[in-house]
Structure formats: C-alpha cells, structure tokens
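Q: Please take one part of this model and look at it closely. Then work outward from there, and give the evidence as you go.

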Amino acid sequence: MATSNMKILCSTLSRLRVDYIPIRQNAFYKPPKYRPPHWFVPKERVMSEDFLTQENRDFIEEIIQDKRNSQIALESPLAHADQQTIEWNPFTRRVGLIARKIGNYPLWSKEGKKYQTTLLQVVDNHVIKYVPPEQFNPMKTTKVQWKEKKTLGCLLVGSETVDPSTVTKEYSGIFNSVGMLPKRHLFRFMVSPHAALPTGTPLFATHFRVGDHIDVRAKTMDRGFQGVMKRWGFSGMPASHGVTKTHRRPGNIGGGGEKARVWPGTKMPGHMGNRWRTLRGVKILRINTKYNILWTLGVAIPGETGAVCYLYDTILPLKKLKTAPPFPTHPASDDLPLEYYDESIHPFEGETILFDEV
Amino acid sequence: MALAIRKSTFSVLATARCIVPREFRSLSSLPETNEDVAQDVAKRSTGRRIRFQNPALEYRHVYPEFLPDPNPKWRNTLREKMERADMLKRRSQIDIPEFYVGSILAVVISDPHAQGKTNRFVGICIERKGCGLRAEFTLRNVVDHQGVEIRYDLYDPTIQSIQIIRLEKRLDDKLFYLRDALPEYSTFSFDMDPEILPEGTPVPVNPVQVKLKPKPWLERWERQELKGVANIEEHLKENDRVRRELRKTPWEKYDLMKQYRKTIPAEDQNEIWGEVHNQLNQLKLSRKKMFKKRPVTTPKTQLA
C-alpha cells in the first residue's frame, strides 16, 4: 500500500513542470500615461573622435554622397499614380509643409500700395511615412479629443537632409526603414486617408497656390523672464510725482473679501515667448518655384529669421479653400513658370504704375 | 570699410595709421571719412584699371542699398539674393540715378488723387536710408513759406522718374538741421534747370554752412558735431556747452568692433558686387547712351 502510494507520488512529481509562473500584480497598476509616438527618439548624437584614417573618412564621405545623389535622382512616386481616381472635397485635409522663415521685404500692389511680406522657404520636403487611422494610436491627453481625428491618418514629413553620421542610430533608423536619408526636421500632419502620399514624395511650394490662405504654426521668439509691461502691456506707473520704486510694477493683483486671494490666470511677470502659436489665415502673394519661396502677407508670423514653421490649409471658415487645390499635392515638373504672382500684386519687372484719368 | 579694400592703396593706409593704434590695424573696418571719399574719388579719376579691379570701391557709395543690413539676426543669403534680383528688375524699368544726401532731385510719381494723376516734387535730399527694397530717401523743400518733406521708397513702382537737378554732396550725412535753418537754405524753385556734370568729374562737395534759427530746435544740434552749420555757438548757453562736453564720446572712433558690426565685410561685399556687377554696368551704359546728347554745364558752387 505504502509502496503503491509512493509510486503514484513519484510519477506525479516527475510529470510536474514549471510552465506557468504567476506574477504578483498591483490591481491599481496603470501603464504610464506618457507614451510618445515611435518617431520621438533622441536625435542629437554626442560626437566622438573615431580616430579614422583619412582614407576611411573619404570613404564614408563618398558613401554619403552616393546616397544623397541616389535620393536626388529618386523619381517622385506620384509620376506613375493616376490622380484622376481621387478627388478633393471641402472636408478633405491635405498634407502641410515645413518651411523656414527667411526674412521680410515689401511688395507693391497694382494700386501702388505697399505690403510688407514674410518670405518662407520650403526646403527639401519629403514624405517619410504614412500611418493609417486604424494603426495611429496617439497618446491619451486630458484635452478633448476631436472625433474627426479617429478618421484621420498620420503623415510624417521631413525637411532638410542631414549627414547621417551626425544623428543617432535610432533617429536615422526611422528614415532608413523607408529608404530615405535622415532629415533635420520631422513633423506629423493629420490627413484624410485619401490624401495620403507614398513615401519619398517631394513636396514643393506649389503645394499651395497664390491667393490661398494658410495657417502658420511656429515657436514665438524667446524673450525670457519679462515684467508685466512687456509681457502683458500694462502701463506701469508714473516716472515722477512722488512715485518710488514702482515704475514698472503691476500694482494691485486682487481684491479683498470673499476673493481674498490671487485669482487663477492673473497676468503676472514670467517667461515670455518660446511657445507654439498659430497664425491663421495668412494670404500667399507670390511663389517662386525655383527656390520654393512663399511670400505671405504681413510680418506677424511667429519666430525670428531662420525659425522653422509648419504650413497648413487654413481652417478659417471664410478663408477656406473654395476650389480644388493641387491634390494630393503638386507633382514635380520642370515646365512651371518661375514666379506666380497674386493678381493684386505688381511684379517688379512690370511697367511703372500709371493711373488713368476718369 | 574693410581690409581688402584698404590694402589696395598705401595712401589710405597712411590716413588710417594716424587714427588707429598699430596692433589693431589688421582688423581695420574704419568708418568712412571725408578724406577717404575724396581719395576714392581721386583714385577713380586717375585710371580705369583700379576701378575695374575693385568695383566695390565705387559701388558701395553709388548703390548703398545693395548692401544688406549688417545685423546678423536679419541676414539670410537667399532672401538678400531675391531682394537684389527684384531691385535689378525694377531698375530695368526706371532709371534710378546716382545721388547723395545734399543732391537736389525732382521726383514724379503717379498719384490717384492729384490733378492729372501725376505729382512732381523738387527738393534737397536730406536723408537716405534702408537696405534692399526698403531703401528710401526724403526730399525737403519750402513751398509757400511752409516746409514740406516727402519720403519716397526708392523701388516704389509708382515712381515715374527720378531726375537729378544738381548732383552734389554736403558736409554731413544727414541734413535734418535744415528744418531749423533759415528757409532760404531749403527753398528750391520747381522749374530749376538740371545741371549736368561733364563725364568723369568727381561729385562736388558743397561746403555751404547754413545758419540756424534761434532756439527752440527740434534736436540738440550742438551735440551732433555737425560741419554744415555756421552759427551754432551763437545760440548756446553755458549749460549747453557743459552738457555737450559731458555727452561727448571721443572713444567711439577707436571702437573697431563697433565699426565692424556696422559694416558688411569685404569678402561678403565682393560676392554681392560680383553678382550684380554685370547688370548694373549694362544699366549704366544704356543710361549713358540716353544722356549723351544733353548739353554740359559747369557746376556752380553757390549758396543752396
């Protein structure tokens, strides 16, 4: 009896396997809230001295040059796609552009009026990747999510090709996986699924037309810690008449009684600038197709000269696109005119403006 | 202005030597003095070769607006290039002559509100400023005992013509003191005949010194070290003289970095002038052809 029992025990013990290891879990555990998109990887590399010989250096340089040349020679994937099948409608969202602000100068209208303009250069923009709406799963934020967003895909656009040896391996990998060279700026545009573009499509300034209105998103000039006079435009206090030590101070910041505290949102000194701001409804007055420059009306585009800004079709209801723009984008072509002018703008090579006597 | 230009002649260096301490001479980016201008002019008239070698020497005075603003925050090579191309396009439509502060000009513009839709104004150029397409100049005249100043954009397409009535320079870079001077110094009749200098003559400097009206003035002219004002001491009180002494900044002419920051380096200038040289030359030649048949009159040095 005892031996048979022993046998059973031995056989069960021998059959025992360690397959399932339960992990003790906190019932209140939640995954971390901040889940950055996969293209948010460190970009800057710590440059180190590699002690390469001159020959090796030349070799690397040669390879980079070869890659660059092959990318320049790359044909736009749009050349073969038939564009008649897809059509633009007013609810479509097209891709935007990444541009650089390069300065301001005046243009004159045909009535002889002077307009200050800002020049935006579209440098070397390429579509990197498209993430369809089903796969695009952005991080949860406390902000109200637009329902529309779930129907939109995500299009990654890069601008300004850089030397691959100057960025990290991870960052370079994003581009390498789709056969592109790394770009200095990588940005996400939410687009309608039928406005998606294949990888490697170059984007030009002709994506927009003259006379259209765009929204420009950029970082404002960093002004550092500023007082209320500069930050909020308070008028300060008199310079004399017995005023001491309160010439640029805000004065009273709250009342007494029930509200005897500083109310949230009170305008106070603090850091000014270096924020993302969108200027909406900026008119395009002129386009240069050779250097891909847009002349936009006004000087209010955020950021200093050389700042990077993102251009979208405007969402302002009265300035929205009314006719079909180049859709999904303007294809590369060599036979474009060098300059497009808005009909209100006087080209510099035009005749002197004369007014007819009525 | 900068080293490469200065190096070209020994005589210019010699003037620099007396101002600049020896150790800083290699960095030299001196301001323009009247002597320099005179020497440049002398050089221009001596021979063709020098002019050909360094067009920057000539062009930076004749076309100052082609040089960009030296503030590095606003510089951008591509924008400057586009701007210069636009300026040349405009210059191909209208003849913008060489003129200086102190020259007398007649400007005709299209004006929708004027009778006949054009407006002609004659006056002395009291200021010239701005870079690129922002370049502007101000004309001053006294019409019916009322001082009138009009600011024109040099590249405004409504300007129909800019005519030089008298090409000359004054002793100062800005002539704002004409506002406080006696009106006869800024009164010019609208039917003045243009005086055309014989070819190759250097631009004459008018050494006239104006007389100011008594105070109150618009600015403190006594602090600005003006050369073109005759009677400034008459109107000063003791306190004004004391304050003028206190406000003097005699060290600024030794501040080489300040001068350097205010100017475009010679290397950049060579690039810019190299780009626009051909087209400017062509415009110049076409202008010469047009004006060859005009009569030649000698310049008069007279009071305003």
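The answer below begins with one sheet and its helix, then moves to the aromatic rings and the contact between the chains.

A: Keep in mind that this is a predicted model.

Start with the sheet. Chain A contributes four strands to an open sheet, in the order E5-E4-E3-E6. The pairing is antiparallel. Strand E5 (183-191) and strand E6 (202-203) of chain A are the edges, and each pairs on one side only. Strands of a sheet pair through backbone hydrogen bonds, in a parallel or an antiparallel way. Take the pairing of E4 with E5 in chain A. Strand E4 spans residues 153-161, and eight bridges join it to E5(A). The two run antiparallel. One of the contacts can be named: A:Gly153 has A:Val191 of E5(A) as its bridge partner.

Now add the helix. Helix H3 of chain A, residues 169-176, packs on this sheet. It touches strand E3 (125-131) and E5 of chain A. The direction of H3 makes about 55 degrees with that of E5(A).

Next, the rings. Over all chains, the structure holds 16 aromatic pairs. A:Tyr171 and A:Phe175 have ring centres 5.1 Å apart and planes at 65 degrees, so this pair is edge-to-face. A ring pair is described by two values, the distance of the centres and the angle of the planes. Why do these two residues sit about one helical turn apart? Because they are four residues apart in helix H3 of chain A. An α-helix has 3.6 residues a turn, so residues three or four places apart point the same way. Buried or exposed? A:Tyr171 has a relative accessible area of 3% and is buried. A:Phe175 is at 0% and also counts as buried. The cut-off for buried is under 20%.

Compare a pair in the other chain. B:Tyr59 and B:Trp273 are tilted, with 5.4 Å centre to centre and 55 degrees between the planes. This pair links distant parts of the chain. B:Tyr59 is in helix H5 (residues 55-62) of chain B, and B:Trp273 is in helix H9 (residues 266-291) of chain B. They are 214 residues apart. B:Tyr59 is buried, at 3% relative accessible area. B:Trp273 is buried too, at 1%. The helix around B:Tyr59 is mostly covered: eight of the eight residues of H5(B) are buried. Among them are the charged-looking names B:Glu58 and B:Arg60, along with B:Pro55 and B:Val62.

Back to chain A and to more rings. Ring pairs join A:Phe187, A:Phe189, A:Trp276, A:Tyr310 and A:Tyr312 into a cluster. Rings also meet charges. A:Arg286 lies over the face of A:Trp295, 4.0 Å from the ring centre. In chain B, B:Lys169 lies over the face of B:Tyr100, at 4.5 Å from the ring centre.

A:Trp295 leads on to another residue, since it is among the contacts of A:Leu119. A:Leu119 lies in strand E2 (residues 114-121) of chain A. At 0% relative accessibility it counts as buried. A:Leu119 and A:Leu297 are 178 residues apart in sequence, yet 9.1 Å apart in space, C-alpha to C-alpha. Beyond its neighbours within four places in sequence, A:Leu119 also touches A:Ile293 and A:Leu294, and it reaches B:Arg79 in the other chain.

Follow that contact across. B:Arg79 is in helix H6 (residues 77-93) of chain B. It counts as buried, at 7% relative accessibility. Leaving aside neighbours within four places in sequence, its contacts include A:Ile102, A:Gly103, A:Asn104, A:Tyr105 and A:Leu119 from chain A, plus B:Trp74.

How many residues take part in the whole contact? Chain A gives 29 residues and chain B gives 27 residues. The size of an interface is often given as the accessible area lost when the parts come together. Here the two chains bury about 2400 Å² between them, with 61% of it on carbon and sulfur atoms. On the chain A side, A:Trp108, A:Phe348 and A:Phe355 lose the most area to chain B, together 26% of what that side buries.

Last, the chain that holds the sheet. Chain A has four helices and 13 strands. Of its 358 residues, 34% count as buried. Among contacts in chain A between residues at least 6 apart in sequence, 78% join residues at least 24 apart.

Key. Residues are numbered from 1 along each chain as its sequence is written. Chains are lettered from A and ligands numbered from 1 in the order in which they are written. This is a predicted model: local features need pLDDT of at least 70, side-chain atom pairs count only at pLDDT 80 or more; totals for chains, interfaces and linings use all residues. Side-chain values use heavy atoms; hydrogens and water are left out. Two strands pair if DSSP finds at least two bridges between them. Contact means heavy atoms within 4.5 Å. Axes are lines fitted to C-alpha atoms, for helices over the stretch in contact, and angles run from 0 to 180 degrees between N-to-C directions. Rings of Phe, Tyr and Trp (its six-membered ring) pair if their centres lie within 6.5 Å; planes under 30 degrees apart count as stacked, over 60 as edge-to-face and the rest as tilted. Buried means under 20% relative accessible area, exposed over 50%, partly exposed in between (1.4 Å probe, protein chains only). A charge sits over a ring if NZ of Lys or CZ of Arg is within 6 Å of the ring centre and within 35 degrees of the ring normal. Buried area is the accessible area (1.4 Å probe) that two parts lose on being put together, summed over both.
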